[in-house]
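Hi everyone, thanks for making time this morning. I'd like to walk you through a model, going from side chains to strands and back again. Here it comes on the screen.

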Amino acid sequence: MKFKLLILVALMSATTLPLLAQNRTMEIGFQSDNDSFLGQGVDRYYTNGLFLFFRKGMDFRNPKLANKVLGIEVGQKIFNPQSGYVPDSTYIDRPFAGYLYAGVNINYLYRDQSNLKVGVQVGVVGPSAQGKQAQEVIHNTFGFYKLNGWQNQIKNSPQINLRVDYNKLIVRPNAWGDLTFSGYANGGTGFNGAGAGVLLRAGAINHLFNSVSTQATATKNSIAPLHNFELFAYYQPIINYVAYDVTVQGNLLKKENDPRQITSEPEPVVLTHQIGAAFASSRFVVGLAANLRGKEVKTQVYNSHAWGSITLLYRFNSHKNRFDVTDPKGGRPVRMKN
């Protein structure tokens with residue numbers, strides 16, 4: 001089903017190929033995560049996520065920049081133990097938890113094929129995040145099993161968390177493949193840690209400052225792309241260090257005395273893998289991915305968990321340009337080669 005969606009959008013976009021010389025300065029869309037997308041017949045750990053995005057390409061004067069993007073998002077993540085139904089609390093190997101937030105970020109994308117994205121999220125973990133209610137809607141809609149165990153979920157904890165992402169091109173031998181370093185760090189009242197890895201892309205790829213890979217398809221720049229559209233496969237392994245996770249350990253600033261709340265301890269080092277495909281045309285952006293995460297909580301019965309992700313964005317508000325830039329040294333129009 002996911003790949004049929006990709007083919008459908010590709011066919012829809014075929015009629016827009018003559019317009020691909022026009023940048024789109026805005027995009028809106030969503031991402032849906034769920035372990036059922038991979039047809040495993042399981043419902044555990046990070047079981048569902050839904051995110052809404054709005055991004056806008058911004059003006060910039062820094063000659064080192066190639067793109068600058070404002071991002072706004074709202075999202076919800078739902079976590080449960082080895083199943084959404086547990087007979088009693090002894091089966092809770094990963095805490096029930098919901099996380100609801102709104103966030104804003106600025107993505108600075110440089111001509112040297114690096115980017116720095118800085119963002120903040122404000123929200124809540126606990127019953128106010130409506131994790132139980134959202135999962136009930138999903139299960140009732142699709143006729144899944146009845147839930148039990150949410151009475152033991154992580155209690156309410158207000159959240160304000162910062163995150164910084166950094167990517168830097170390592171090598172691009174040609175316009176059909178490259179290798180990029182990827183890293184991040186986060187900190188706040190709920191999520192503290194860092195991670196590093198690489199991103200391997202193969203296919204019709206574009207510069208990092210205009211790519212799906214760095215959430216940079218909304219743009220006002222005038223740099224000629226490597227391709228008039230993107231269509232590529234990718235693999236991204238990341239080593240994550242987890243210092244604190246509120247969805248596992250509960251409120252960082254205030255320890256709850258409620259005996260119904262069941263918490264645990266996170267594994268300090270977690271390896272994640274993402275394998276996927278991405279497509280971007282003048283009007284649409286589509287992403288499909290399979291995610292595998294190693295054991296993230298010390299009490300987990302299973303050593304890993306996998307889920308699928310589907311992303312769909314609509315691009316609008318065209319920005320015509322001549323696909324050239326001003327050389328910061330000589331003030332002359334030049335065409336980018338990398």
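Let's start at Phe-181, which sits in strand 7, residues 177–188. Helices (H or I, at least four residues) and strands (E, at least two) are DSSP runs here, numbered from the N terminus. Now, is Phe-181 buried or exposed? It falls in the middle class: Phe-181 is partly exposed, because its relative accessible area is 31%. For the cut-offs, buried means under 20% relative accessible area, exposed means over 50%, and partly exposed is in between, with a 1.4 Å probe and protein chains only.

Before I go on, please keep in mind that this is a predicted model, where local features need pLDDT of at least 70 and side-chain atom pairs count only at pLDDT 80 or more, while totals for chains, interfaces and linings use all residues. Residues are numbered from 1 along each chain as its sequence is written, and side-chain values use heavy atoms, with hydrogens and water left out.

Staying in strand 7, we also find Gly-183 there. Gly-183 counts as buried because its relative accessible area is 14%. Its C-alpha atom is 9.0 Å from that of Lys-168, and the two residues are 15 apart along the chain.

Back to Phe-181, which belongs to a nonpolar surface patch of about 570 Å², together with Leu-116, Val-118, Val-164, Tyr-166, Ile-170, Val-171 and Val-198. Patches are made of residues with over 30% relative accessible area and no salt bridge; like charges are joined within 9 Å, and nonpolar side chains (Val, Leu, Ile, Met, Phe, Trp, Tyr) within 5 Å. The areas come from the Shrake-Rupley method with a 1.4 Å probe, and for residues only the protein chains shown count as cover. Which elements give two or more residues to this patch? Those are strand 5 (114–125) and strand 6 (157–174). Strand 6 gives the most, with four residues.

On to the salt bridges. In general, side chains of opposite charge can pair when their charged atoms come close. The rule used here asks for a side-chain nitrogen of Lys or Arg within 4 Å of a carboxyl oxygen of Asp or Glu. How many salt bridges does that rule give? The count comes to 12.

One of them joins Arg-172 and Asp-178, at 3.0 Å from N to O. Arg-172 is buried, at 17% relative accessibility, and Asp-178 is buried too, at 3%. These two residues are also linked with Arg-201 and Glu-230 in a network of salt bridges.

Arg-201 has a ring partner as well: its charged end sits over the ring of Phe-232, 5.3 Å from the centre. That label requires NZ of Lys or CZ of Arg within 6 Å of the ring centre and within 35 degrees of the ring normal. Likewise, Arg-163 lies over the face of Tyr-184, 4.2 Å from the ring centre.

Next, the salt bridge between Glu-27 and Arg-55, at 3.1 Å from N to O. Glu-27 is in strand 1 and Arg-55 in strand 2, so this pair ties together parts 28 residues apart in sequence. Both Glu-27 and Arg-55 are buried. Strand 1 (residues 23–34) is mostly covered, with nine of its 12 residues buried. It runs antiparallel to strand 2 (residues 45–57), and nine bridges join the two; strands pair if DSSP finds at least two bridges between them. Within this pairing, Met-26 stands opposite Lys-56 of strand 2.

Last stop, the rings. The structure holds 10 aromatic pairs. Rings of Phe, Tyr and Trp (its six-membered ring) pair if their centres lie within 6.5 Å; planes under 30 degrees apart count as stacked, over 60 as edge-to-face, and the rest as tilted. Tyr-99 and Tyr-101 make a stacked pair, 5.1 Å centre to centre with 25° between the planes, and both are buried. Tyr-99 also pairs with Phe-191, this time tilted, at 5.1 Å centre to centre and 55° between the planes. That second pair links distant parts of the chain, with Tyr-99 in strand 4 (residues 97–110) and Phe-191 in strand 8 (residues 191–204), 92 residues apart. Elsewhere, ring pairs link Tyr-46, Phe-79 and Trp-307 into a cluster.

That's my tour, and I'm happy to take questions.
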